[in-house]
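Visitor: I'm new to protein structures and would like to learn how to read one. Could you walk me through it?

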Amino acid sequence: MRIAVIGLGRMGANISRRLIGSGHEVVGFDRDPENVRQLTREGIIAANSLEDAASKLQGPRIFWVMVPAGAPTEDTVTALRTIAQAGDVVIDGGNSFFKDDVRRARECAERGIHYVDVGTSGGVWGLERGYCLMIGGDREIVEMLDPIFNTLAPGLGTIPRTANRSGTDDRAERGYIHAGPAGAGHFVKMVHNGIEYGLMQAYAEGFDILKGRANPRLPEEERFELNLPDIAEVWRRGSVISSWLLDLCALGLARDPGLEGFSGTVADSGEGQWTMHAAMEEAIPANVLAAALFARYRSRMDHSFADKLLSAMRFGFGGHVEVPQ
């Protein structure tokens, strides 16, 4: 298939590379011409504007928007609504708020344009590992786009299949799902990121307790100088708390055991807040997720080893660089 990818940053560039590597044709546009030039050398069809990208597609034209959430996405989708024709598809693969998707889908539908929201997880590792995709939109359009999603998803890989799963739809096992109508994809991704906050906070606090055991205020016989890189490594192997996030802890600690390269100022990109808003709307208690979100706010006032490990994990999976305060 031929698709335009709008936004060639870390995620957009690797999505383009993965598509090109499987035989799809990618028209690429980014406000930074250097990003376009780089990928032109790797097989992308360069475009110098949204209009130019549209001119290089055939109907139904597919536009995958991969720019930062908020105003950049809103402005891009608004512009595409004036460029796209009836039957064309606009995909938002960023981290948009699901209620914005519901509105944008309605606005696009008024012009006969299809809108699909895709919660995309995989970060900077997606090129190699594939992307976990949570998709919202009309069923027939999602099915039409299946070759794109199937290429980007990880596939069955080496993960053992879950016993007693029923049904014939194996897309979830291959790493992508059609979650429901417009907005459902980003809603599922939003809760995914809320859970991510909680898991990360649990690892961070646990390793902070391990590190703190050497505190001279403790009785001498109860102090332990623990090897945190080794503990992270052994927990990766056979432990019930093994996970990709633990892998990233082990990687960060192996490179920098004291995490001196991180200040511990931990940003949040919005999904944790939105998850808590949804919990309040539904009257669902979410104690761990709330505490993890508030811990990130607190990290901007003073910093602990736990905060540094949170920063190391965020850099590990998404290439997120700490924001100066």
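Guide: We'll go through charged pairs, nonpolar cores and a pair of packed helices. Keep in mind that this is a predicted model.

Visitor: Let's begin with charge. How many salt bridges are there?

Guide: The general idea is that side chains of opposite charge can pair when their charged atoms come close. In this model the count comes to 23 salt bridges.

Visitor: Show me one. Which residue does Lys99 form a salt bridge with?

Guide: Its partner is Glu281, and the closest N and O atoms of the two are 2.5 Å apart. Now look at where they sit: Lys99 belongs to helix H5 (residues 98–109) and Glu281 to helix H13 (residues 271–282). With their positions 182 residues apart, this pair links distant parts of the chain.

Visitor: Is Glu281 in that pair buried or exposed?

Guide: Glu281 counts as exposed, because its relative accessibility is 52% and the cut-off for exposed is over 50%. Lys99, at 38%, is partly exposed.

Visitor: What about a pair that involves loops?

Guide: Try Arg300 and Asp268, which form a salt bridge with their closest N and O atoms 2.5 Å apart. Arg300 is in the loop between helix H14 (287–299) and helix H15 (305–318), while Asp268 is in the loop between helix H12 (244–255) and H13, so the salt bridge ties together parts 32 residues apart in sequence. Arg300 is partly exposed at 31% relative accessibility, whereas Asp268, at 16%, counts as buried.

Visitor: Do salt bridges always come as lone pairs, or which residues are linked in a network?

Guide: Here's a network of salt bridges for you: Glu74, Arg81, Asp92, Asp100, Asp101, Arg103, Arg104 and Glu107 are linked in it.

Visitor: Okay, on to the nonpolar side. Which residues touch the most other members of the largest nonpolar core?

Guide: To read a core, look for buried nonpolar residues joined through their side chains. The largest one here has 29 residues, and Trp64, Val116 and Phe149 touch the most other members. Helix H1 (residues 10–21) gives the largest share of this core, four residues. If you click on Phe149, leaving aside residues up to four places away in sequence, you'll find that it touches Trp64, Val116, Val118, Leu133, Ile135, Val142 and Tyr176. There's also a second, separate core of 24 residues, with Tyr203, Leu210, Cys249 and Leu310 among them.

Visitor: Is Leu310 buried or exposed?

Guide: Leu310 is buried, because its relative accessible area is 0%. You'll find Leu310 in helix H15. Leaving out residues up to four places away in sequence, Leu310 touches Met200, Gln201, Ala204 and Val266.

Visitor: Last topic: how do I read two helices packed together?

Guide: Two packed helices are described by the angle between their axes and the distance between the axes. Take helix H10 (residues 184–211) and H12: their axes come within 10 Å and cross at roughly 45 degrees. That makes H10 oblique to H12. The crossing is right-handed.

Visitor: Which residues of H10 and H12 meet?

Guide: From H10 you have Glu196, Leu199, Met200, Tyr203 and Phe207, and from H12 they meet Leu245, Leu246, Cys249 and Leu253. Two names should ring a bell: Tyr203 and Cys249 are included in that second core.

Terms used: Residues are numbered from 1 along each chain as its sequence is written. This is a predicted model: local features need pLDDT of at least 70, side-chain atom pairs count only at pLDDT 80 or more; totals for chains, interfaces and linings use all residues. Side-chain values use heavy atoms; hydrogens and water are left out. A salt bridge is a side-chain nitrogen of Lys or Arg within 4 Å of a carboxyl oxygen of Asp or Glu. Helices (H or I, at least four residues) and strands (E, at least two) are DSSP runs, numbered from the N terminus. Buried means under 20% relative accessible area, exposed over 50%, partly exposed in between (1.4 Å probe, protein chains only). A nonpolar core is a set of buried Ala, Val, Leu, Ile, Met, Phe, Trp, Tyr and Cys residues joined through side-chain atoms within 4.5 Å. Contact means heavy atoms within 4.5 Å. Axes are lines fitted to C-alpha atoms, for helices over the stretch in contact, and angles run from 0 to 180 degrees between N-to-C directions. Angles under 35 degrees count as roughly parallel, over 145 as roughly antiparallel, 65 to 115 as roughly perpendicular and the rest as oblique. A crossing is left-handed if the near helix is turned anticlockwise from the far one by less than a right angle, and right-handed if clockwise.
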